[in-house]
Amino acid sequence: MASTIQNTEVKQKNADRAVVVAVTSREVFKDGPDDGREILDIDESFLLLKLLHRVNERLEEENPEEPLLFDVILITTDSQRQQQSSRIISSTKHYGLEISRFCFASEDDFAESLQKNNVQLFLTTDRNEASQAAQKGVLSALLDQQVACSPSDQLRVMFCEDAVIQPDSGRAVQSFTAQMGEMRRRFGMSDSPLSFILVTLHGGKDSCADSLLTLRSSGLSVDEAYCLAGAPRGPIMSVLQPHFMISISSSGLEK
């Protein structure tokens with residue numbers, strides 16, 4: 001049975017306005033032996049959490065009462081890690097990570113746990129987990145572990161028509177896109193801790209322009225846009241290094 005534990009050492013976010021992001025604990029903490037140590041070693045992917053926290057800090061610098069913040073949940077689905085729940089919680093507090101809640105669920109019911117916690121974005125390196133969550137209507141994205149552990153001053157999100165994980169519910173993408181657009185407008189054109197990128201793989205300039213207009217109609221303006229017109233995307237991905245990609249196909253964002 002799934003359980004959720006609130007982190008009492010972190011200020012809880014506005015339930016009506018916060019953007020709830022769930023990250024699997026394996027992306028944050030390394031597997032450790034049961035050697036009596038209470039604190040787990042941190043994985044380099046924790047830098048992604050630092051980027052989410054940096055966005056929150058910048059928002060609260062402008063408005064201490066800002067309700068539109070990232071609300072991060074750490075979810076554990078591995079049965080062996082379930083037995084380390086106290087170590088996961090203690091380690092989170094030890095490293096000062098801004099985690100609002102801890103969710104411990106099985107591989108069979110974790111997607112339902114995401115729904116119950118109103119998760120708007122689920123981040124994982126496990127393709128099967130991401131697909132299961134997407135089938136339940138939870139917007140999910142595969143983390144690029146190499147990029148996630150690379151030092152960066154910006155959280156870089158790419159919108160692409162053929163992202164690996166396609167959500168079953170278009171409303172999930174529309175809601176997330178609208179909130180991200182509103183959050184991005186809190187910052188100026190330069191020195192923003194958030195950056196949004198559009199990449200269209202097929203078609204010409206008209207296709208790219210249509211996608212730009214569609215995103216803008218949902219409330220989001222991108223910082224960069226690239227039209228590949230059938231060219232392979234590998235080279236530009238290595239340059240752009242997005243932390244994750246959001247699909248704009250089969251999502252209700254298509255015209």
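The following paragraphs lead through a predicted model of a protein chain, from its overall make-up to individual strands, helices and cavities.

The protein chain has 255 residues, and 50% of them count as buried. Its secondary structure comes to nine helices and 10 strands. Among the contacts in the chain with a separation of 6 or more, 77% are between residues 24 or more positions apart.

Strand β2 is a suitable place to begin. This strand is mostly covered, since six of its six residues are buried. The side chains divide between two directions: V19, V21 and V23 point one way from β2, while V20, A22 and T24 point the other way, and all are buried. Strands of a sheet pair through backbone hydrogen bonds, in either a parallel or an antiparallel arrangement. For β2, two parallel partners can be described. With β3 the strand runs parallel and is joined by six bridges, and in this pairing V20 stands opposite D71 of β3. With strand β5 (residues 121-124) the pairing is also in the parallel sense, over three bridges, and L121 of β5 is the bridge partner of V21.

T24 belongs to β2, a strand that spans residues 19-24. The relative accessible area of T24 is 1%, and T24 is therefore classed as buried, the cut-off being under 20%. When residues up to four places away in sequence are not counted, T24 touches L74, I75, F122, L123, T124 and E129. The side chain of T24 also makes a polar contact of 2.7 Å with the side chain of E27.

Helix α3 offers a second view of the buried part of the chain. This helix covers residues 85-94, and its buried residues are R87, I88, I89, S91 and T92. An α-helix has 3.6 residues a turn, so residues three or four places apart point the same way. The cover over the buried residues of α3 includes the strands β1 (3-6), β3 (70-76) and β4 (101-104), together with helix α2 (79-82). G96 follows α3 and has a positive phi, near 70 degrees.

G96 also leads to the internal cavities, as one of the residues that line the largest cavity. The structure holds three cavities of 30 Å³ or more, and the largest has a volume of about 80 Å³. The lining of this largest cavity consists of L49, K50, L52, H53, N56, F70, V72, G96, L97 and E98. Helix α1 (46-62) and strand β3 each supply at least two of the lining residues. The largest share, five residues, comes from α1.

Further along the chain there is an open sheet of four strands, in the order β9-β8-β7-β10 and with parallel pairing. Its edge strands are β9 (224-227) and β10 (244-247), each of which pairs on one side only. Neighbouring strands of this sheet are turned against each other by 25 degrees on average, direction ignored. Strand β8 (residues 194-200) runs parallel to β9 and is joined to it by four bridges. Within this pair, V199 stands opposite Y226 of β9. Helix α8 (residues 205-217) packs on the sheet, where it touches β7 (155-160), β8 and β9. The direction of α8 makes about 140 degrees with that of β8.

Note on methods. Residues numbered from 1 in each chain as written. Heavy atoms only, no water. Pairing = 2+ DSSP bridges. Axes fitted to C-alpha atoms, helices over the stretch in contact; angles between N-to-C directions. Contact = heavy atoms within 4.5 Å. Buried < 20%, exposed > 50% of the residue type's maximum accessible area, 1.4 Å probe, protein only. Polar contact = N/O pair within 3.5 Å; in protein donor to acceptor, adjacent residues only side chain to side chain. 1 Å grid on protein atoms, 1.4 Å probe; cavity = no way out; pocket = protein on both sides within 12 Å on 5 of 7 lines; lining within 4 Å. Points joined across faces, edges and corners; volume = space filled by probe spheres on them.
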